[in-house]
Amino acid sequence: MERPKILDELPKPDQWDKIDSSKNVKDEQAIQKKKEEEITRSKAAALIALQKRSVEVLTHVRSRVESLPSDDIVKAMSGGSYIVFDDILGTELCSEMKNEGQTMYLDNKLELDLASGVTSGEYVVPIKGGQEQYTDCPRSVEYVVSLTRHLVGMLNKLVVCESGEDTPTSNTFHLGYKLDETASMSSLRVFDRKARLSSLALLTGKENPDEDDSSVHDMEEKRQFSCVVDPSSGDVDLRRVTVVYFMTPDDWDGECGGGITFRNKDGNEISVEAKNDRLLLFSSENSPRCVEKWIGKNGIEGACSCIVTHLLQQRQ
């Protein structure tokens, strides 16, 4: 029987595995390369999206800050008073920042504020920036950076130094110092009502403690009026303007707490409620205030937080 020629065209049996193996390796390498390229493209697209959003936020905060009446702000700061602006950043950005704080709290990146009391339910963390924290709260960091730079830049245009070198655009009110456009002190504060009620239950021995009960009031230290800067301490404290940005559920009201009560020169007390998307500015040196405890209310869900930023006097 004559050997079919097609058999001579086939590889020898001992070469079959080698040929198939080589082909499989090349196919796997091609697939792996394609996957790596897709991952790279995906990462690049995500990075571009993040950078775009970052620019949008920085620009938006700048625009909103520069729309504020600088003369009115300086008038309030010079008189040891306060000034309030509502609907400052808008629902979208406010919600992003609020969610960042809640996520950081759930990830145990905030600490109980013992200065506010063990039953306060208030947790804080400094906002210092840096790569790790920027990953946790990019919108909050961008807010602080843009607020510091552009609000300070705006207020510094209304400065009269003791030397008289600078001329204010306002003939009536001015700051007697220059603020630092590159530095500020900020912190994020998050309130957890469940944590507050749990701590009260533990200390009172009552499963459902009544927050209006006299024993609860006796247990919690009464908050006093004071300025942010204590001139009697003798310490160098460069804080001059304090800015509070509130982020609360829409149905949060005065009974829920978290606001700030000011005492004017006549001894009268005026309360500013914590309200969603509200910006409050006051003099760190000359505005006696009492920070009201956060209480909340049954039926109100959602994160409650605020960002406190202190603008600093420029070092000589």
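How much space lies in the second largest pocket? About 330 Å³ of space lies there. Good morning, everyone. Before I continue, please note that the structure above is a predicted model, and every value I quote is computed from it.

Let me stay with that second largest pocket. Its lining consists of 18 residues, and the closest to its centre are Asp192, Arg193, Lys194, Ile300 and Glu301. Two elements give two or more residues to this lining, namely α4 and α7, the latter covering residues 193-204. As for chemical character, the lining divides into 8 nonpolar, 5 polar and 5 charged residues.

I turn now from the pocket to enclosed space. As a general point, empty space is found by rolling a probe the size of a water molecule over the atoms. How many cavities of 30 Å³ or more does a search of the whole structure find? The search finds 1. The largest cavity holds about 40 Å³ of space. Around it stand Val61, Val65, Leu68, Ile88, Leu89, Tyr143, Leu147, Tyr245 and Leu279. Helix α2, residues 16-66, and helix α6, residues 138-155, each supply at least two residues of this lining. What is the character of the residues in the lining of the largest cavity, nonpolar, polar or charged? They divide into 9 nonpolar, no polar and no charged.

Helix α6 also holds Glu142. Is Glu142 buried or exposed? Its relative accessibility is 3%, so it counts as buried. Setting aside neighbours within four places in sequence, Glu142 is in contact with Ser54, Val57, Leu58 and Tyr134.

My next topic is the aromatic rings. The whole structure contains 7 aromatic pairs according to the search. One of them joins Tyr105 and Tyr123; the pair is tilted, with 4.9 Å from centre to centre and 55 degrees between the planes. Tyr105 belongs to helix α4, residues 91-106, while Tyr123 belongs to strand β3, residues 122-126, so that the pair links distant parts of the chain, 18 residues apart. Both of these tyrosines, Tyr105 and Tyr123, are buried.

A further pair is formed by Phe191 and Trp252, and this one is edge-to-face, at 6.3 Å centre to centre and 75 degrees between the planes. Why does this pair tie together parts that are 61 residues apart in sequence? The reason is position: Phe191 lies in strand β4, residues 179-191, whereas Trp252 lies in the loop between β5 (239-247) and β6 (260-263). Phe191 has a relative accessible area of 6% and is buried. Trp252, at 8% relative accessibility, counts as buried too.

Ring pairs also link Tyr82, Phe262 and Phe282 into a cluster. A ring may have a charge over it as well: the charged end of Arg263 sits over the ring of Phe225, 3.9 Å from the centre of that ring.

Let us now consider Val244, which is placed in strand β5. With 4% relative accessibility, Val244 counts as buried, because buried means under 20%. How far apart in space are Val244 and Ile307? Their C-alpha atoms are 5.7 Å apart, although the two residues are 63 residues apart in sequence. Beyond its neighbours within four places in sequence, Val244 is in contact with Ile260, Arg278, Leu279, Leu280, Phe282, Cys306, Ile307 and Val308. Two of these names have appeared already: Leu279 in the lining of the largest cavity, and Phe282 in the ring cluster.

Finally, I would draw your attention to two aspartates and their backbone angles. Phi of Asp87 is near 50 degrees, a positive value in a residue other than glycine. Asp87 is found in the loop between β1 (82-86) and α4. Asp277 likewise has a positive phi, about 60 degrees, and is not a glycine. The place of Asp277 is the loop between β7 (269-272) and β8 (278-283). Which of the two words, buried or exposed, applies to Asp87? At 57% relative accessibility, Asp87 counts as exposed, since exposed means over 50%. Asp277, by contrast, has a relative accessibility of 5% and counts as buried.

To close, I return to the two spaces: about 330 Å³ lies in the second largest pocket, and about 40 Å³ lies in the largest cavity. Thank you for your attention.

Definitions and conventions
Residues numbered from 1 in each chain as written. Predicted model: local features only at pLDDT ≥ 70, side-chain atom pairs only at ≥ 80, totals over all residues. Heavy atoms only, no water. 1 Å grid on protein atoms, 1.4 Å probe; cavity = no way out; pocket = protein on both sides within 12 Å on 5 of 7 lines; lining within 4 Å. Points joined across faces, edges and corners; volume = space filled by probe spheres on them. Helix = DSSP H or I, 4+ residues; strand = E, 2+ residues; numbered from the N terminus. Nonpolar A, V, L, I, M, F, W, Y, C, P; charged D, E, K, R; others polar. Phe/Tyr/Trp six-rings, centres within 6.5 Å; stacked < 30°, edge-to-face > 60°. Buried < 20%, exposed > 50% of the residue type's maximum accessible area, 1.4 Å probe, protein only. Lys NZ or Arg CZ within 6 Å of the ring centre and 35° of its normal. Contact = heavy atoms within 4.5 Å.
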